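Hi,

Here is the structure I promised to pass on. Have a look at it first, and then read my notes underneath.

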Amino acid sequence: MNNYFLGVDGGGTKTKFLVCDQEGHILSSSIQSTCHYLQCGFSGITEILNLGVKECCEKANIQPSMITNAFIACAGYGDIPEDSQQIYESVKRACKNMTFQVGNDTDNAIAGSLCGQDGIHVISGTGSIGILKENDTYTRCGGWHHIFGGDEGSAYWISCKLIQEFTKQSDGRHKKDSLYQYVKESLHLSKDSDILRLTVEDWNFDRKKVASLSKLVYDLAKSGNSSAQDIFTQAAQELAEIYITLQSLSKSESTLASYSGGVFNAKEFVLLPLKKILSTHDIRLSDPIFSPDIGSLILAFQNHVILNNSIKQNLEIFKP
């Protein structure tokens, strides 16, 4: 009899589902909208999980009851005890026919990037946070909510820095450069104050929509705009502070360190300066071994499957 495993990576932007067998062969996948309860509500978690589980099981030609174990990573889980209980109940309604565990989306991110080993992992996507895992104990750094200027180094934070720079160039505090005109043209602003109408009134400062402006920063940085490059340099410095702090809290003499999240795709503007800073603190930043969705499968395997080289190789074959 074959065993099947479900891994769910519920981040702040989207929710990714994977089903595999006990040998690590990926049988199906699905991508749904975010299951972050602050964005979709508790009932939304159940709805999104139902959609993803149904699609994955149909593609794999199995029933949900045939899944041996599942790990469901939900953004925000564990932050507020009362809310976490409601998140768990929302997951339970969708996964009532299977054995499952619920965790934070940092749990599967570090499990994937370090392939289940202890170490430091920093996520920088829509939001940002750092995690130190040692002997099943987790220590977090950063991630103090975007609304207060937290989630430093994240796409949202970078986008806010872009808006700040645009407004300063608009009113004369900073000298206008190509950033000013590019933002105005890209966002179709007839007058400079329209940036407030767009982000505050039209978008209601929606986290994902604001974070999407980080793409403009990348385009500007690639074109050689120094203001945009400085924003990325500041982001790298903020992320470096998280790594350095977590290393200082580690009891290990040699701590592995990795990363995940879309901000790191700006390699020459984020990863390179970040690695340069960390090298002066004897922190060697390694590319992630697996993505967070694979990390969810690794956590689903626990107490059921020994993660050997053959399984790792099968997992590596999967390309989303």
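Below is what I found, going from a helix pair to a pocket and then to a sheet.

Before anything else, keep in mind that this is a predicted model.

Let's start with the helices. Helix 3 (residues 105-113) packs against helix 11 (residues 292-301) at an angle of about 95 degrees, and their axes are 7 Å apart. Angles of 65 to 115 degrees count as roughly perpendicular, so that is the label for helix 3 and helix 11. On the helix 3 side, the contact is made by D107, N108, A109, A111 and G112. Helix 11 brings P292, D293, G295, S296, I298 and L299 to it. Sorted by class, this contact has 5 nonpolar, 4 polar and 2 charged residues.

Both helices turn up again in the second largest pocket, as the elements that give two or more residues to its lining. The space in this pocket comes to about 210 Å³. Its lining has 14 residues, of which G116, K133, I298, L299 and Q302 are the closest to the centre. By class, the lining divides into 9 nonpolar, 2 polar and 3 charged residues.

Now the sheet. It is an open one of 4 strands in the order 8-7-6-9, with mixed pairing. Strand 8 (137-141) and strand 9 (257-260) are the edges, each pairing on one side only. On average, neighbouring strands are turned by 20 degrees against each other, direction ignored. Strand 6 (residues 119-124) and strand 7 (residues 128-134) pair in the antiparallel sense over 6 bridges, and I120 stands opposite L132 in strand 7.

Cheers

Note on methods. Residues numbered from 1 in each chain as written. Predicted model: local features only at pLDDT ≥ 70, side-chain atom pairs only at ≥ 80, totals over all residues. Heavy atoms only, no water. Axes fitted to C-alpha atoms, helices over the stretch in contact; angles between N-to-C directions. Parallel < 35°, antiparallel > 145°, perpendicular 65-115°, else oblique. Contact = heavy atoms within 4.5 Å. Nonpolar A, V, L, I, M, F, W, Y, C, P; charged D, E, K, R; others polar. Pairing = 2+ DSSP bridges. 1 Å grid on protein atoms, 1.4 Å probe; cavity = no way out; pocket = protein on both sides within 12 Å on 5 of 7 lines; lining within 4 Å. Points joined across faces, edges and corners; volume = space filled by probe spheres on them.
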